[in-house]
Amino acid sequence: MRINTKLTTYEICALTIIFIGIKLTDTTPTLLSNSTQNAFWYIPLISFIVMFPFFLITLYLLNKYKADHLVDLLQILLGKTLGKALAFFIFIFSFFLSAFDFRSYVNQIKLLYFDKSSITIIFALLIFISIFGAIRGIKVIGYTARVFFPLFQFSLVLLIILVYPSLVFERIYPIFGSGLSNVMYEGIFKGSFFSSFILLMMILPVARKPENFYKGTIMGLIISVLQIVFLFLIYATFFDYKSIERVPYPFHDVALYIDLGSFFTNIETFFMTFWLFAVFIRFILLLYLNTWLFGATFDIDNFELLILPMGFLIMVIGLIPDNIIVNEFVYRNHLLNLNTIFLFIVPVILLICHFFKRKKV
Amino acid sequence: MDKWIKSTVLIVLLIILSSCQDMIEVEKESFVIAIGMDVTDQEGIYEFTFQIANPNIASPMTADPNGAPDEILTVLGADIMTAKDKADAIVTKRISLDHTAIFVISEELARSGDLLRVIQPGTRTSHMRHDIQIIVSKEKAETFLNNNNPIFEQKPYKYFQYKITQTKETGIIPYADLHRLLQITEGDADLFLAIYATTIHDEEEIEKSEDQYLAGELLQKGGDKTQFMGSAVFKNGKMIDLLTAQETRIANLLDRTVPLNNILVTYTDPIKPEFYISGNYIQTKNPDIKIDYDAKANHATIDVTVLFEFEILAIPSLISYAENNEHKEILEKHLVETNTQLAKKFIEKTQEEYRSDPFYWSLYIRKYFKDVPSYEKADWHNNIYPNAEVNIKYELKRLQFGKTMSDTNLSEVRD
């Protein structure tokens, strides 16, 4: 078992795809379709095209300065205090976003499968699993992702094949949804769907060679965006534009509708197993990267000991919203909008500092 | 020491595997196969009938030859969930709606427009699948479910599943699951067709061609009492009319979201009109629909071309259509003409009486609009379709004659 070596390109790619690609299974389509109706399927593509240059800038700077990871880069470019302050800001943003993300998925699990159990228990269990997985270390996470990745893709492909006869492609028209301006606004401001990518940039030191990291993350990002757009297209053609606003979890609704022949009619739990595993990997990684970011900001070397209190804090914050409507449309929506502005500004600031430094030298 | 801690933690975790408060043994659940809904004298209160399957029938070992295949229970309630709660107090096991296969709605309830109110829990809870079939029954749903006693099928779940799949393939009932109901009703641009069925037969049979019947009109002696035939037309969630099996077939064949392509039809014999010709009507491709949309005048011209093949199965008049070219041409023209006439009459009826289309043709007009608000303003439902000019053309691609080359020559056989 090759656990002791560092992460390869394939593992990083698989991690990225599971980490970002799982967005196609939560309430993202509902959130988007509230303002853009049936044009929501290509919004991630627009967001990606808008955000991609900024990511590339950050990756380029990382490469240029041979920095250890993101926080290191911030410190090099902005000086120790300012860099640490900015890193702390990034940490606070992603921490709160992660907490509400956790809450969103816990809601999903509870609503769909565990009606009567209390939400605290399910949340506690999820945190426990994340802590348990995160303590193992990043290399184990990478290895698990590599083993699990083909299975997850297989279940997605099976879902697509089974739902294909029920799709009606004309439903993507009218092509601009609720209007071109709305679509553009949402596309630009929801760039923070990929905000978890900033966290992924902490993985750099664990990759075997820096090239592995760059290749793995960029390939993973592109593949996951294509996957998201394709699955959103399927939701748009399966649910019409008025019904998708009422369906909070399109992935599970599709799994509820399809059947495998006339004997296997209720196969939704089959898809649930793979989905659940992908959710675990995502949250283990999220907890680990958040703690790493925190540790790097405050120069703590053995940050693995902080995973437990960090997880507990996330649970406490995640239990604040009352219900899914408040969670989704108030907290997450505002946070995502703010985060996108933040994600635009940070690489630009870094680029400006880079030019200043070049001038000085 | 470490090992002990780890093993204890693992064993404690095993307890959680039973899903906390949600744990329920399969034996403690009873599965509802059909839910019937009726109106009562009070507004807002409906009568719900649950048909619960007997699990012992499933395995031959525990099957009791005299046991009932199902249990039918009727309670009052404001919605499905309250009724289920009341029923839970009566049955021995907790009711689960996970395997519901059909909703039966009485015609009275359908015409009152309360369909969406009653069905609403089906969308809100995640426990009901969206492929539940919607059936409108002529009599009360309670009577329908009680009278429905299939002779061969012991398991009610299999009965409904096979029966509806089988009947759908003949085209006399429409595609009507909950998913389609929600898409079409919320899409607010087309008509929804629900399956029409009954267990009460008409007293006398009125002479009609083989598929112009509605459920209940077909005179039969013996066999199951339940007849599934024809459809109920819903506009904006309220039932407005009934369609015969023939009209349902036309609606199914012209709709590209319904995968129907091979049905057995009967036409009058063109040379000897007292006889009929039966054959397979095969439509391998979806009808070609071209819409010419004038945005300023908000007027559409719809050109429909239907390509079909016909395979003759029975010619009781014994006229040789296969060998005689002249006769063949007469037959071909007759087929095309009859189909075009029927379709035209039906389309005119939908334009004038219903003022909307049951073919889901609003899909084709969508690409002429840039965004949703302008599409909704143009209003396919009330403005574009009723005033549209529809030209429908049938084209016979191939005429096949089955196995025999020629029929018996009756004059030769009889001395």
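A cavity is a set of grid points where a 1.4 Å probe fits but cannot get out. Its volume is the space filled by probe spheres set on those points. The model examined here is predicted.

**Exercise 1.** State how many cavities of 30 Å³ or more the model holds, and give the volume of the largest.

*Solution.* Start with the count: 8 cavities reach 30 Å³ or more. Then take the largest, which holds about 130 Å³ of space.

**Exercise 2.** Describe the lining of the largest cavity by residue, element and class.

*Solution.* Residues come first. The lining has 14 of them, and Leu97(A), Asp101(A), Ser195(A), Ser196(A) and Arg282(A) lie nearest the centre. Next, the elements. Two or more lining residues come from each of α5 (80-113), α9 (196-200), α12 (268-297) and α14 (324-360) of chain A. Of these, α5(A) gives the most, with 4 residues. Last, the classes: 5 nonpolar, 5 polar and 4 charged residues.

**Exercise 3.** Give the volume of the second largest cavity, list its lining, and sort that lining by class.

*Solution.* The volume is about 90 Å³. The lining consists of Ile90(A), Phe93(A), Ser94(A), Ser195(A), Ile198(A), Leu199(A), Asn339(A), Phe342(A) and Leu343(A). In chain A, α5, α9 and α14 each give two or more residues to this lining. Now sort: 6 residues are nonpolar, 3 are polar and none is charged.

**Exercise 4.** Which residue named nearest the centre of the largest cavity also lines the second largest?

*Solution.* Take the five residues nearest the centre of the largest cavity. Check them against the second lining. Ser195(A) is in both lists.

Terms used: Residues numbered from 1 in each chain as written. Chains lettered and ligands numbered in written order. Predicted model: local features only at pLDDT ≥ 70, side-chain atom pairs only at ≥ 80, totals over all residues. Heavy atoms only, no water. 1 Å grid on protein atoms, 1.4 Å probe; cavity = no way out; pocket = protein on both sides within 12 Å on 5 of 7 lines; lining within 4 Å. Nonpolar A, V, L, I, M, F, W, Y, C, P; charged D, E, K, R; others polar.
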